[in-house]
Amino acid sequence: MEENLIITVDIDLKNKNVYLGEESGAGAEYDYTDINDLADKIKFYLTNYYSDVIK
């Protein structure tokens, strides 16, 4: 079992989108409207791709 999960979070403030991904794999890009929506997108990403790792 891995002890660390390293994820890149790149937030484009001008275009209001966020890219999340690991160095060794594909990532996902989401548009957001405000800080609460941004937090929801990050939560969605972690839940969708890492719920089996993060408990």
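In this predicted model, K16 is found in the loop between β1 and β2. The backbone of K16 has a positive phi of about 50 degrees, although the residue is not a glycine. Most residues other than glycine have a negative phi. K16 is partly exposed, its relative accessible area being 37%. The loop that holds K16 is the turn of a hairpin formed by β1 and β2, with four residues between the two strands.

**Overall architecture**

The chain contains one helix and three strands. Along the sequence these elements follow the pattern β-β-β-α. Taken along the principal axes, the C-alpha atoms fill a box of roughly 40 × 20 × 15 Å. Of the 55 residues in the chain, 20% are buried. The chain exposes about 4500 Å², and carbon and sulfur atoms supply 51% of that area. Among contacts with a sequence separation of 6 or more, 15% are accounted for by residues 24 or more positions apart.

**The sheet**

The three strands form an open sheet in the order β1-β2-β3, with antiparallel pairing. β1 and β3 stand at the edges, each with a single partner strand, so one side of each is left without a neighbour in the sheet. From one strand to the next, the twist averages 15 degrees. Strands of a sheet pair through backbone hydrogen bonds, either parallel or antiparallel.

Strand β1, residues 8–12, pairs with β2 in the antiparallel sense over five bridges. On its other side, β2 pairs with strand β3, residues 27–31, again in the antiparallel sense and over five bridges. A hairpin of five residues joins β2 to β3. The register of the sheet can be followed through individual residue pairs, listed below.

| Residue | Opposite residue | Strand of the opposite residue |
|---|---|---|
| V9 | L20 | β2 |
| D10 | Y19 | β2 |
| D12 | N17 | β2 |
| L20 | A28 | β3 |

L20 thus appears in both pairings of the sheet: L20 is the bridge partner of V9, and L20 also stands opposite A28 in β3. D12 has N17 as its bridge partner in β2, while D10 stands opposite Y19.

Strand β2 spans residues 17–21, and four of its five residues are buried, so the strand is largely enclosed by the rest of the structure.

**The helix and its packing**

Helix α1 covers residues 35–50. The helix packs on the sheet and touches β1, β2 and β3. The direction of α1 makes about 155 degrees with that of β3.

D37 lies in helix α1. This residue is buried, with a relative accessible area of 17%, a value that falls under the 20% limit for burial. Not counting residues up to four places away in sequence, D37 touches D31 and Y32. Of these two, D31 belongs to strand β3, which comprises residues 27–31.

**The β2–β3 loop and the N-terminal segment**

E22 lies in the loop between β2 and β3. The residue is partly exposed, with a relative accessible area of 26%. Which residues are in contact with E22, leaving aside its neighbours within four places in sequence? They are L5, I6, I7, Y45 and Y50. Two of these residues, Y45 and Y50, fall within the range 35–50 of α1. For the contact with L5, the two residues are 17 apart in sequence, and their C-alpha atoms are 8.3 Å apart in space.

**A nonpolar surface patch**

L5 also takes part in a nonpolar patch on the surface, formed together with L46, V53 and I54. The four residues have about 280 Å² of accessible area together. One of them, V53, lies in the segment after α1. V53 is partly exposed, with a relative accessible area of 42%.

**Synopsis**

The predicted model presents a three-stranded open sheet in the order β1-β2-β3, on which α1 packs with contacts to each of β1, β2 and β3. The central position in the strand order belongs to β2, which is largely enclosed, since four of its five residues are buried. Two hairpins connect the strands: one has four residues between β1 and β2, and the other joins β2 to β3 through five residues. L5 links two of the features described, as a contact of E22 and as a member of the nonpolar patch.

Technical notes:
Residues are numbered from 1 along each chain as its sequence is written. This is a predicted model: local features need pLDDT of at least 70, side-chain atom pairs count only at pLDDT 80 or more; totals for chains, interfaces and linings use all residues. Side-chain values use heavy atoms; hydrogens and water are left out. Buried means under 20% relative accessible area, exposed over 50%, partly exposed in between (1.4 Å probe, protein chains only). Two strands pair if DSSP finds at least two bridges between them. Patches are made of residues with over 30% relative accessible area and no salt bridge: like charges are joined within 9 Å, nonpolar side chains (Val, Leu, Ile, Met, Phe, Trp, Tyr) within 5 Å. Accessible areas come from the Shrake-Rupley method with a 1.4 Å probe; for residues, only the protein chains shown count as cover. A salt bridge is a side-chain nitrogen of Lys or Arg within 4 Å of a carboxyl oxygen of Asp or Glu. Axes are lines fitted to C-alpha atoms, for helices over the stretch in contact, and angles run from 0 to 180 degrees between N-to-C directions. Contact means heavy atoms within 4.5 Å.
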